[in-house]
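I sat down with this model today and kept a short notebook as I went. Have a look at it first, then follow along with my entries.

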Amino acid sequence: MGMIGRKIVTQAGLNVDELIDLLNKAYSDEWLAYYQYWVGAQVASGTMASTLIPELEEHANEELEHAKKLAKRILELGGTPVLSPEEWYQKSTCGYLTPKHDEAAVILKQNVQGERCAIEVYNKLLFLVKDKDLVTAHLIRQILEDEIDHEQDLENLARDFQVTLPLDDKKCSCQK
Ligand code: FE
Ligand code: FE
Ligand code: MG
């Protein structure tokens, strides 16, 4: 923990422990997203699999990088990143969509759903910190840009392969 680094956030009017908890929720989401992409890339089959797999692997690596950046910020603020995988499920907002069906198109749809949830989570978090903790805001904005890019990449693939995606995100439980 950096003493003054934490103090400036408190002085700006943020409850740092609550912020650490929100960052740990996002951190848990990232690990689940990482595994969902990673294992999806292993099992994907079907007509679009050879195109989809490299994208899934790339996104998996980027989710892991997000987890790393969040862990660093949590530590700077005096918190501890979630230490046990069991807690990922408890803390996660976006959850984990098990790729029970190995058809690449189904895996693609599940990952789009995950990205849409992530965008909402990070957008909300960005507005919470944007005037009070510029370091976290900068980090969250970088991650949000990546998640928006991920959604777009997957939407482009869905269009190319004529996979129908949900038109809205009403089934997203990300506001809990
Ligand atoms: Fe991510
Ligand atoms: Fe993503
Ligand atoms: Mg990509």
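**Entry 1: a salt bridge to begin with**

I started with K130 and D131, whose side chains meet in a salt bridge at 3.4 Å, N to O. By salt bridge I mean a side-chain nitrogen of Lys or Arg within 4 Å of a carboxyl oxygen of Asp or Glu. K130 is partly exposed at 34% relative accessible area, while D131 counts as exposed at 65%. For these words I used under 20% relative accessible area for buried, over 50% for exposed and partly exposed in between, with a 1.4 Å probe and protein chains only. I also noted a network in which salt bridges with shared partners join K72, R73, E76 and D133.

**Entry 2: ground rules**

I am reading a predicted model, in which local features need pLDDT of at least 70 and side-chain atom pairs count only at pLDDT 80 or more, while totals for chains, interfaces and linings use all residues. Residues are numbered from 1 along each chain as its sequence is written, chains are lettered from A and ligands numbered from 1 in the order in which they are written, and side-chain values use heavy atoms, with hydrogens and water left out.

**Entry 3: more salt bridges**

How many salt bridges does the structure hold? I found 10 in the structure. One that I looked up is K91 with D21, at 2.7 Å from N to O. This pair links distant parts of the chain, with K91 in helix α4 (residues 85-91) and D21 in helix α2, 70 residues apart. My helices are DSSP runs (H or I, at least four residues), numbered from the N terminus. K91 is buried at 19% relative accessible area, and D21 is partly exposed at 34%.

Next I took E151 and R116, a salt bridge whose closest N and O atoms are 2.9 Å apart. E151 lies in helix α6 and R116 in helix α5, so this pair ties together parts 35 residues apart in sequence. Both ends turned out to be buried: E151 has a relative accessible area of 19% and R116 has 14%.

**Entry 4: iron ion, ligand 1**

Which protein donors does the iron ion (ligand 1) have? I listed E30 (OE, twice), E63 (OE), H66 (ND1) and E147 (OE), lying 2.0 to 2.4 Å from the ion. Donors here are N, O and S atoms within 2.8 Å of the metal (3.2 Å for Na, K and Ca); water is not among the atoms, so sites may look incomplete. Along the sequence, the donor residues are spaced E-x32-E-x2-H-x80-E. E30 lies in helix α2 and E147 in helix α6, so the pair ties together parts that are 117 residues apart in sequence. I checked burial too, and both E30 and E147 are buried.

**Entry 5: iron ion, ligand 2**

I moved on to the iron ion (ligand 2), coordinated by E63 (OE), E115 (OE, twice), E147 (OE) and H150 (ND1) at 2.0 to 2.4 Å. Its donor residues are spaced E-x51-E-x31-E-x2-H in sequence. E115 in helix α5 (residues 104-129) and H150 in helix α6 (residues 134-160) link distant parts of the chain, 35 residues apart. Both of them are buried. I also wrote down that E63 bridges the iron ion (ligand 2) and the iron ion (ligand 1), which lie 3.9 Å apart.

**Entry 6: magnesium ion, ligand 3**

What holds the magnesium ion (ligand 3) on the protein side? Its protein donors are E55 (OE), E58 (OE), H59 (NE2) and D153 (OD), at 2.0 to 2.8 Å. They follow the spacing E-x2-E-H-x93-D along the chain. E55 and E58 both sit in helix α3 (residues 49-76), three residues apart, about one turn of the helix. E55 is buried at 18% relative accessible area, whereas E58 is partly exposed at 39%.

**Entry 7: helix α2**

I finished on helix α2 (residues 16-43), which has 28 residues and spans 40 Å from its first C-alpha to its last. That is close to the 40 Å expected at 1.5 Å a residue, the expected span being 1.5 Å times one less than the number of residues. At the start of α2, a side-chain oxygen of N15 comes within 3.0 Å of the backbone nitrogen of D17.

Notes: Helix = DSSP H or I, 4+ residues; strand = E, 2+ residues; numbered from the N terminus. Polar contact = N/O pair within 3.5 Å; in protein donor to acceptor, adjacent residues only side chain to side chain.
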